[in-house]
Amino acid sequence: MTNRPVSSTHPTPDREAKTNKAPAFQFYPSDFIADLNVQLMTTTQVGAYILLLCHDWSSDGLPEDPEDLALLARMELDTFRADWKRRL
C-alpha cells in the first residue's frame, strides 16, 4: 500500500477544527427520489446536481460563473447551460 497525500478537501481533524463543520451533510434518499424536479431530470442532470451539492457543501458555496459550474458538474458548457435552464 502506498501513502498518498490527503487532498485539501478530505475531512481531517485539523480541517474540521478550523471550519467547525461536519465532514458530511444529511441526505434523505426517499425524499430525493420522490421530488418531482429530480424525477424529471436525466441521469446526467442528477449526477451534475449531486456533484454541485457536494461542491457547495465542501466549498461553502458555488461560483456564479457558468463555466466554473460546468467544470464542477463535469459537463460541456453548452450542455450545462441548456440543462441549467431546464432543470438544475
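Helices here are DSSP runs of H or I with at least four residues, strands are E runs of at least two, and both are numbered from the N terminus. This is a predicted model, where local features need pLDDT of at least 70, side-chain atom pairs count only at pLDDT 80 or more, and totals for chains, interfaces and linings use all residues. Residues are numbered from 1 along each chain as its sequence is written, and side-chain values use heavy atoms, with hydrogens and water left out.

**View A. The whole chain runs α-α-α-α-α-α from the N terminus.** That comes to six helices and zero strands. Of the 88 residues, 14% are buried (buried is under 20% relative accessible area, exposed is over 50%, partly exposed is in between; 1.4 Å probe, protein chains only). Take the contacts (heavy atoms within 4.5 Å) between residues at least 6 apart in sequence: 38% of them join residues at least 24 apart.

**View B. Phe 25 and Trp 57 make a tilted aromatic pair.** Rings of Phe, Tyr and Trp (its six-membered ring) pair if their centres lie within 6.5 Å; planes under 30 degrees apart are stacked, over 60 edge-to-face, and the rest tilted. The structure has four aromatic pairs, and in this one the centres sit 5.7 Å apart with 50° between the planes. Phe 25 comes from the loop between helix H1 (13-19) and helix H2 (29-34), while Trp 57 belongs to helix H4 (residues 43-59), 32 residues apart. Phe 25 counts as partly exposed because its relative accessibility is 31%; Trp 57, at 30%, also counts as partly exposed. Trp 57 has a charged visitor too: the charged end of Lys 21 sits over its ring, 4.2 Å from the centre (that takes NZ of Lys or CZ of Arg within 6 Å of the ring centre and within 35 degrees of the ring normal).

**View C. Phe 32 and Tyr 49 stack.** Their centres are 6.0 Å apart, with 10° between the planes. Phe 32 lies in helix H2 and Tyr 49 in helix H4, so the pair ties together parts 17 residues apart in sequence. Phe 32 is buried at 14% relative accessibility, whereas Tyr 49 is partly exposed at 30%. Add Phe 27 and you have one aromatic cluster with Phe 32 and Tyr 49.

**View D. Helix H5 (residues 66-73) packs on helix H6 (residues 77-86).** The angle is about 100° and the axes are 9 Å apart (axes are lines fitted to C-alpha atoms, for helices over the stretch in contact, and angles run from 0 to 180 degrees between N-to-C directions). That makes H5 roughly perpendicular to H6 (65 to 115 degrees). Residues meeting here include Leu 69 and Ala 73 in H5, and Phe 80 and Trp 84 in H6.

Definitions and conventions. Angles under 35 degrees count as roughly parallel, over 145 as roughly antiparallel, 65 to 115 as roughly perpendicular and the rest as oblique.
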